[in-house]
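Colleague: I'm new to this one. Could you walk me through a few spots in it?

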Amino acid sequence: VQLQASGGGLVQAGGSLRLSCAASGLTFNTYVMGWLRQAPGKEREFIAAISWTGDLTSYADSVKGRFTISRDNDKNTAYLQLNRLKPEDTAVYYCAADLYWRDRSTEYDYWGQGTQVTVSS
């Protein structure tokens, strides 16, 4: 299983980014997809999750209304749209996959390598 996250970068506060997670080696539509992040010196934090068909989503309170998770099962890809970014959103963002829905959990079966998001003030 490979999860390849991309789309991170340096952006000013208030800006936007779109992260992508390309999956291979798994039957994509049988996996819940999640996005998590880890800032320096902090524990890994749940950000968002999306169910197998995309009909159910969950967000951390810190990003609700600003971030949007989605997926395209035909392309084996999950996305995270980051809007109205804040300096405190600076972290390495990871995509992850799990067979089961684990709302707001940081426990996933498979992890990508992470993509850095840096928000300047």
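What follows is a short chat about a strand, the core and some charged pairs in this predicted model.

Colleague: Let's start with strand β8 (residues 77–82). How many of its six residues are buried?

Modeller: Buried here means under 20% relative accessible area. Strand β8 is largely enclosed by the rest of the structure. That's because the buried residues in β8 number five of the six.

Colleague: Which residue in β8 is the bridge partner of Leu17?

Modeller: Strand β3 (residues 17–24) pairs with β8 in the antiparallel sense, over six bridges. Strand β7 (residues 67–72) also runs antiparallel to β8, again with six bridges. On the β7 side, Phe67 has Leu82 as its bridge partner. And for Leu17 in β3, the partner in β8 is Leu82.

Colleague: Which residue in the turn between β7 and β8 has a positive phi?

Modeller: Those two strands make a hairpin, with four residues between them. The phi in question is about 55 degrees, and it belongs to Asn76.

Colleague: How many residues does the largest nonpolar core have?

Modeller: Those with the most contacts inside it include Phe67, Leu80 and Leu82. Strands β3, β7 and β8 are among those that each supply at least two residues of this core. Its total is 36 residues.

Colleague: Now the charges. Which residues are linked with Arg37 in a network of salt bridges?

Modeller: Asp89 forms a salt bridge with Arg37, their closest N and O atoms being 2.9 Å apart. Asp89 sits in the loop between β8 and β9 and Arg37 in strand β4, so this pair ties together parts 52 residues apart in sequence. Arg66 forms a salt bridge with Asp89 too, at 2.7 Å between the closest N and O atoms. The network links Arg37 with Glu45, Arg66 and Asp89.

Colleague: Is Asp89 buried or exposed?

Modeller: The cut-off for buried is under 20% relative accessible area. Asp89 has just 1%, so it is buried.

Colleague: What about Arg104: which residue does it form a salt bridge with?

Modeller: Arg104 is in the loop between β9 (91–98) and β10 (110–111), and it touches Phe46, Ser58, Tyr59, Asp61 and Lys64, among residues more than four places away in sequence. Its side chain also reaches the backbone oxygen of Tyr59 at 3.1 Å. The salt bridge, with closest N and O atoms 3.6 Å apart, is to Asp61.

Colleague: And what is the relative accessible area of Asp61?

Modeller: Arg104 counts as partly exposed, at 40%. Asp61 is exposed, and exposed means over 50%. The value for Asp61 is 58%.

How values were computed. Residues are numbered from 1 along each chain as its sequence is written. This is a predicted model: local features need pLDDT of at least 70, side-chain atom pairs count only at pLDDT 80 or more; totals for chains, interfaces and linings use all residues. Side-chain values use heavy atoms; hydrogens and water are left out. Contact means heavy atoms within 4.5 Å. A polar contact is a pair of N or O atoms within 3.5 Å; within protein, one must be able to donate a hydrogen and the other to accept it, and residues adjacent in sequence count only if both atoms are side-chain atoms. Buried means under 20% relative accessible area, exposed over 50%, partly exposed in between (1.4 Å probe, protein chains only). Two strands pair if DSSP finds at least two bridges between them. A nonpolar core is a set of buried Ala, Val, Leu, Ile, Met, Phe, Trp, Tyr and Cys residues joined through side-chain atoms within 4.5 Å. A salt bridge is a side-chain nitrogen of Lys or Arg within 4 Å of a carboxyl oxygen of Asp or Glu.
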